[in-house]
Amino acid sequence: MLIAFNASAQTDIKRLPKTPIETVKAFLSAYQQRDHASFSFLLHPDVVWVQPGDNRISGVKTSKAELLLMGKKMWELSEGTIRLEHVEYFEGNGNTVVAVLRWTAVHPAGATLDVRNVDVYTVEDGKIILGRIYSEDVAAENRFWMK
């Protein structure tokens, strides 16, 4: 089942979501709304994040702190232009949720990024414990994020 994501939904994290797909929706909505507190709240302290490529943001992150530093670096390298433009969800399977995301950014030197990713999230106790990211164009991401 494909579910379109409503980017205008308000994020209000006062409790842990009840289902893995609710967790992922709230997490991505918080990112879109720049709601750092809610975004961070939905990450397990020991989250493992596998970011593809060979560039300044790629690699395996093994904690919430390390993942948040990656996000800060993405923000800085794109001078705040990184955007999660669109999200589509596929029905989850147990505690795993798959989402198709479209990311855009503009590099200060003029390079642009417009790429779709397939993200596979594993949720444990209402928090994201594992994120595996698959890019449709790793070469474009490597060019944009550079080494």
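## A tour from the β-strands to the pocket

Start by selecting β5 (residues 96-106) together with β6 (112-124): these strands pair antiparallel over 11 bridges. Strands here are DSSP E runs of at least two residues, helices are H or I runs of at least four, and both are numbered from the N terminus. Two strands pair if DSSP finds at least two bridges between them. Before you go on, note that this is a predicted model, where local features need pLDDT of at least 70 and side-chain atom pairs count only at pLDDT 80 or more, while totals for chains, interfaces and linings use all residues. Residues are numbered from 1 along each chain as its sequence is written, and side-chain values use heavy atoms, with hydrogens and water left out.

**The two hairpins.** Zoom in on V97 and you'll find Y121 of β6 standing opposite. Follow the chain round the turn: β5 and β6 make a hairpin with 5 residues between them, and G110 in that turn has a positive phi of about 110°. Now add β7 (127-135), which runs antiparallel to β6 and is joined to it by 8 bridges. Click D119 and look across to I133 in β7, its bridge partner. This hairpin has 2 residues between its strands. One of the residues in the turn is D125, with a positive phi of about 55°. D125 is exposed, with a relative accessible area of 66%; exposed means over 50%, buried under 20%, and partly exposed in between (1.4 Å probe, protein chains only).

**Another positive phi.** Jump to E79, in the loop between α3 (64-77) and β4 (83-93). E79 isn't a glycine, yet its phi is positive, about 50°. E79 is exposed too, at 59% relative accessible area.

**Helix α1.** Select 20-32 next. α1 has 13 residues and spans 19 Å from first C-alpha to last, close to the 18 Å expected at 1.5 Å a residue (the expected span is 1.5 Å times one less than the number of residues). Of those 13 residues, 10 are buried, so α1 is largely enclosed by the rest of the structure. Among the buried ones are F27, L28 and Y31. Just past the end of α1, R34 takes a positive phi of about 60°.

**The aromatics.** Show the rings: the structure holds 7 aromatic pairs. Rings of Phe, Tyr and Trp (its six-membered ring) pair if their centres lie within 6.5 Å; planes under 30 degrees apart count as stacked, over 60 as edge-to-face and the rest as tilted. F27 and Y121 have ring centres 6.0 Å apart and planes at 70°, so they are edge-to-face. Because F27 is in helix α1 and Y121 in strand β6, the pair ties together parts 94 residues apart in sequence. Both F27 and Y121 are buried. Widen the selection to F27, Y31, F39, W49, W103 and Y121, which form one aromatic cluster.

**The largest pocket.** Which residues lie closest to the centre of the largest pocket? First, its volume is about 570 Å³. Of the 28 lining residues, Y31, F39, G71, M74 and W103 are the closest to the centre. Colour α3 last, since it's the element that gives the most to this lining, with 7 residues. A pocket, on a 1 Å grid over the protein atoms alone, is an open set of points where a 1.4 Å probe fits, with protein on both sides within 12 Å along at least five of seven lines; lining residues have an atom within 4 Å of a point. Grid points are joined across faces, edges and corners, and the volume is the space filled by probe spheres set on the points.
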